[in-house]
Amino acid sequence: MAIAAVTCPNCGATGVNIETAQEYSKCSYCGSMLRTKEVLHLELEGMALEKLRRNARRSFAVKQYGNARADWARAAQIDRTDYESYWGLVCCAMAMHPGRLIRRTGAAAPEGYACDALKEYDCALAYAPPACKAEYKARVEAHNARAREIQEKQWALQRFRDRMYRLRIFLLVVAVALSFLALLGGPIYGAVLGGLAIGAWAGQGIVALKMR
Ligand SMILES: [Zn+2]
């Protein structure tokens with residue numbers, strides 16, 4: 001006869017010995033009757049779940065987010081209340097996308113702007129104990145604050161580039177106008193003014209290139 005060590009689903013005791021040939025065994029801790037098929041199935045599922053979670057955490061630690069995501073997604077499929085796996089999926093999304101995790105209302109989020117993990121975030125919040133919930137919220141807020149900062153920096157840089165571009169066009173027009181005026185005034189006067197104007201235009205161009 002074969003003996004298997006299982007976890008009792010009623011009292012949570014681990015290492016409960018059951019006889020696999022019998023349909024029922026008695027838990028030696030709480031005395032409840034355990035259906036062999038059922039507890040063995042649970043045992044296998046639990047082992048699979050634990051393995052998936054372990055692999056996911058390992059992948060995440062070495063930044064293999066694709067692998068981590070696949071394992072956490074499968075773990076969440078086995079146990080639909082597994083908030084740690086949902087949270088793992090949110091962490092992957094935040095690590096892979098610099099964008100904010102925002103609640104979309106109706107219209108789609110702007111391109112490259114939001115993490116696509118709101119459903120998982122909602123599941124994590126729904127099943128997590130209060131202490132975890134608070135931590136999850138704090139971490140999403142921190143991620144969003146960082147994302148907003150990056151976004152604002154990019155916008156500022158874009159505005160600066162636009163201004164530089166307009167200034168360049170303006171300087172080019174001034175350079176051409178000054179060159180014409182200088183031609184009327186005489187060769188030395190023209191060389192100095194034209195040189196200055198072209199120098200300013202080129203210098204501005206170099207600055208604009210460096211900002212790229
Ligand atoms: Zn028991």
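1. Domain bounds here come from an automatic or database domain assignment. On that basis the protein chain is divided into domain 1 (3-128) and domain 2 (154-210), with C-alpha centres 63 Å apart.

2. The model is predicted: local features need pLDDT of at least 70, side-chain atom pairs count only at pLDDT 80 or more, and totals for chains, interfaces and linings use all residues. Residues are numbered from 1 along each chain as its sequence is written.

3. Helices are DSSP runs (H or I, at least four residues), numbered from the N terminus. Helix α3 (residues 83-96) has 14 residues and should span 20 Å at 1.5 Å a residue, taken as 1.5 Å times one less than the number of residues; its end C-alpha atoms are 20 Å apart, which agrees.

4. A residue is buried if 20 or more other C-beta atoms lie within 10 Å of its own, exposed if 12 or fewer, and partly exposed in between, with C-beta atoms placed from the backbone. Eleven of the 14 residues of α3 are buried, so the helix is largely enclosed by the rest of the structure. Among them are W87, G88 and C91. The cover over the buried residues, by contact (C-beta atoms within 7 Å), includes α1 (36-61), α2 (65-78), α4 (118-127) and α5 (130-185).

5. The largest nonpolar core (buried Ala, Val, Leu, Ile, Met, Phe, Trp, Tyr and Cys residues joined through C-beta atoms within 7 Å) has 21 residues, of which Y86, L89, V90 and A124 touch the most other members. Helix α3 gives the most to this core, with nine residues.

6. A177 is in helix α5 and is exposed, with 12 other C-beta atoms within 10 Å.

Note on methods. Helix = DSSP H or I, 4+ residues; strand = E, 2+ residues; numbered from the N terminus. Contact = placed C-beta atoms within 7 Å.
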